[in-house]
Amino acid sequence: MRRRLLLLLLIIVICAPLHSYRLLYREQLYRLYHQHLIQYPNRITENIYWLQRILRADFANPLYALATIEDQEEWRRYRALFNMHVNLNLTESYLQLGARYFKFNAYFFNAPWRRQNLESLEYARRYIKEARGYWSEAQRWSKEATQQPTIHLEEIQHWSDESWRIENSQLDYDAIIDRHLERLQRVVERFQSMDADSY
């Protein structure tokens with residue numbers, strides 16, 4: 001009798017509907033994005049995955065926005081700031097991922113692993129170049145957001161601050177990306193010049 005009761009209970013638990021829901025909207029997906037204290041590559045790629053999903057998703061109804069929206073102008077500014085912020089986070093994430101593969105110096109004792117270092121630097125170059133595309137998008141959305149400069153959305157004020165820094169060139173990832181690529185090229189050239197006598 002006891003076994004039958006346990007079996008019945010197990011069947012009920014297995015057949016019971018799961019209480020979950022699909023993530024359809026940007027605001028839902030944005031809650032899954034978070035910064036880690038220590039940036040391991042798999043955590044960075046997890047964030048990139050969620051951020052890219054955010055860009056492909058639709059916005060939720062303004063009632064469920066991350067800021068209080070009262071009219072169409074605020075809705076337009078909110079969407080532009082949201083897109084700018086996500087693209088800015090993607091820029092930063094790709095730069096962080098590139099830094100994980102970046103060797104900042106080519107020491108003579110790295111000569112036995114020359115090929116592996118060059119492969120790693122190629123990954124870094126690819127990720128850093130990918131960041132530039134998202135930076136261009138962040139700039140575009142920032143420009144669109146500043147077309148309504150008098151609109152203030154309290155809950156996402158830090159996004160407006162980011163937009164202000166972009167528009168006033170206080171935040172310039174083009175210069176940062178250029179410096180990374182120039183340094184990377186110098187390190188690649190040093191590794192390429194190494195031979196059997198370098199070690």
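**Notebook: the nonpolar core and its surroundings**

Entry 1. I looked up the largest nonpolar core and found that, of its 52 residues, Tyr78, Phe82 and Trp159 touch the most other members. I then listed the helices that each give at least two residues to this core: α2 (26-30), α3 (41-56), α4 (72-101), α5 (114-145), α6 (157-167) and α7 (173-193). Helix α4 provides the largest share, 12 residues. I note that the model is a predicted one. As background, I recorded that nonpolar side chains tend to be buried together in soluble globular proteins.

Entry 2. I turned to helix α4. What span should its 30 residues have at 1.5 Å a residue? The expected value is 44 Å, and the end C-alpha atoms of α4 are 44 Å apart, which agrees. I also checked burial: 21 of the 30 residues of α4 are buried, so this helix is largely enclosed by the rest of the structure. At the start of α4, I found a side-chain oxygen of aspartate 71 within 3.3 Å of the backbone nitrogen of glutamate 73.

Entry 3. I asked which residues phenylalanine 82 touches, not counting those up to four places away in sequence. They are Arg26, Glu27, Tyr30, Ile54, Phe59, Leu66 and Trp159.

Entry 4. I searched for aromatic pairs and found that the structure holds 18 of them. One of these joins tyrosine 78 and tryptophan 159; the pair is tilted, with 6.5 Å centre to centre and 35° between the planes. Tyrosine 78 belongs to helix α4 and tryptophan 159 to helix α6, so their pair ties together parts that are 81 residues apart in sequence. Are these two residues, tyrosine 78 and tryptophan 159, buried or exposed? I recorded both as buried. I also traced a cluster in which ring pairs link Tyr30, Phe59, Trp75, Tyr78, Phe82 and Trp159.

Entry 5. I looked for charges over rings. The charged end of arginine 26 sits over the ring of phenylalanine 59, at 4.4 Å from the ring centre. The charged end of arginine 140 likewise sits over the ring of tryptophan 141, at 4.6 Å from the centre of that ring.

Entry 6. I closed with histidine 180, which I located in helix α7. Histidine 180 has a relative accessible area of 27% and is therefore partly exposed, a class that lies between 20% and 50%. Leaving aside neighbours within four places in sequence, histidine 180 is in contact with Leu95, Phe102 and Ile128. I also noted that the C-alpha atoms of histidine 180 and alanine 124 are separated by 9.5 Å, while the two residues are 56 residues apart along the chain.

Methods: Residues are numbered from 1 along each chain as its sequence is written. This is a predicted model: local features need pLDDT of at least 70, side-chain atom pairs count only at pLDDT 80 or more; totals for chains, interfaces and linings use all residues. Side-chain values use heavy atoms; hydrogens and water are left out. A nonpolar core is a set of buried Ala, Val, Leu, Ile, Met, Phe, Trp, Tyr and Cys residues joined through side-chain atoms within 4.5 Å. Buried means under 20% relative accessible area, exposed over 50%, partly exposed in between (1.4 Å probe, protein chains only). Helices (H or I, at least four residues) and strands (E, at least two) are DSSP runs, numbered from the N terminus. Contact means heavy atoms within 4.5 Å. Rings of Phe, Tyr and Trp (its six-membered ring) pair if their centres lie within 6.5 Å; planes under 30 degrees apart count as stacked, over 60 as edge-to-face and the rest as tilted. A charge sits over a ring if NZ of Lys or CZ of Arg is within 6 Å of the ring centre and within 35 degrees of the ring normal. The expected span of a helix is 1.5 Å times one less than its number of residues. A polar contact is a pair of N or O atoms within 3.5 Å; within protein, one must be able to donate a hydrogen and the other to accept it, and residues adjacent in sequence count only if both atoms are side-chain atoms.
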